[in-house]
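The following exercises concern side-chain contacts in a protein chain. Please work through each task with the structure at hand before reading its solution.

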Amino acid sequence: MMLSARHINPPIKAILRAFLRVDDTAVAAVPARGPLIIATNHINWLDAPVGFSFLHPRPLTAFAKVETWDTFLMRTLFNAWGAIPITRGEVDFTAFKLAEAALADGKMIAIAPEGTRSHDGRLNQGYPGIVILALRTGVPILPFVFYGNESFKDNMRRYRRTNMVLRAGTPFTLRSDTNNPDRSTRQELTDAIMYEIAALLPESYRGRYSQIEQDYKRYLQYIDLPA
């Protein structure tokens, strides 16, 4: 039998609760269905199982580095989640086509514009793949963050549970005169998304985006999403 998200997410969530105290009140802000890009930070390996299991049963997918499929366990998990393999360091057209198809099918896709884990929780520079996907599809973006799980290893050594917080912001679409803006504009749009992510985090986590420039909002059109 082929494993799916409905098989693995409930037991994963139960296991995670054994060593995490997760404040998941933000999950209520995520619609039950409909195409959506969830723009998030990326701290460590816990982001994926927490995100998939706590947002269940929402139809969610995400990009994951292609190397994730190298081991049986990770391949099984990410296939069950319907994740999209992406080759880092290049423009992966196949991955983007799969993402467009997932959104057209009414799924949500989680994207970390940083592209890799920060480990310490502080934001690194965002990259513009999320902008290209959002402009090509017209799908709204919901900023959504995790924090607290950067302390997981230290807490495990002390036999302590880790407090992990999920937070959601206000959904928006991008304001752009074209679906193919120049490189400078793409980065400005990316930074606007990253500032929305940063605003949801405590100041010590904001890193590269610690000085939030208020004029970034000219690139955003805030919207209401159906429940």
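**Exercise 1: A charged pair at E188**

E188 has a relative accessible area of 33% and is therefore partly exposed. The model under study is a predicted one.

*Task.* Determine which residue forms a salt bridge with E188, and state which parts of the chain the pair ties together.

*Solution.*
1. The partner of E188 is R218, with the closest N and O atoms 4.0 Å apart.
2. E188 belongs to helix α7, whereas R218 lies in the loop between α7 (183–199) and β9 (220–222), so the pair ties together parts that are 30 residues apart in sequence.
3. R218 has a relative accessible area of 45%, which lies between the limits of 20% and 50%, and R218 is therefore partly exposed.
4. A network of salt bridges links E188, D215 and R218.

**Exercise 2: A salt bridge between two strands**

*Task.* Identify the residue with which R167 forms a salt bridge, and locate both residues in the chain.

*Solution.*
1. The structure holds seven salt bridges. In one of them, R167 is joined to D23, with the closest N and O atoms 3.2 Å apart.
2. R167 is in strand β7 (residues 162–168) and D23 is in strand β1 (residues 20–23). The pair thus links distant parts of the chain, 144 residues apart.
3. R167 is partly exposed at 29% relative accessibility, and D23 is partly exposed at 26%.

**Exercise 3: Aromatic pairs**

*Task.* Classify the geometry of the pair formed by W45 and F152, and state whether each residue is buried or partly exposed.

*Solution.*
1. The whole structure contains 11 aromatic pairs. The ring centres of W45 and F152 are 5.7 Å apart and the planes stand at 80°, so this pair is edge-to-face.
2. W45 lies in the loop between β2 (36–40) and α2 (47–55), and F152 lies in helix α6 (residues 152–157); the two are 107 residues apart.
3. W45 is partly exposed at 40% relative accessibility, whereas F152 is buried at 10%.

*Task.* Repeat the analysis for F172 and Y222.

*Solution.*
1. This pair is edge-to-face, with 6.3 Å from centre to centre and 75° between the planes.
2. F172 lies in strand β8 (residues 172–174) and Y222 in strand β9, so the pair ties together parts 50 residues apart in sequence.
3. F172 is buried at 0% relative accessibility, while Y222 is partly exposed at 30%.

How values were computed:
Residues are numbered from 1 along each chain as its sequence is written. This is a predicted model: local features need pLDDT of at least 70, side-chain atom pairs count only at pLDDT 80 or more; totals for chains, interfaces and linings use all residues. Side-chain values use heavy atoms; hydrogens and water are left out. A salt bridge is a side-chain nitrogen of Lys or Arg within 4 Å of a carboxyl oxygen of Asp or Glu. Helices (H or I, at least four residues) and strands (E, at least two) are DSSP runs, numbered from the N terminus. Buried means under 20% relative accessible area, exposed over 50%, partly exposed in between (1.4 Å probe, protein chains only). Rings of Phe, Tyr and Trp (its six-membered ring) pair if their centres lie within 6.5 Å; planes under 30 degrees apart count as stacked, over 60 as edge-to-face and the rest as tilted.
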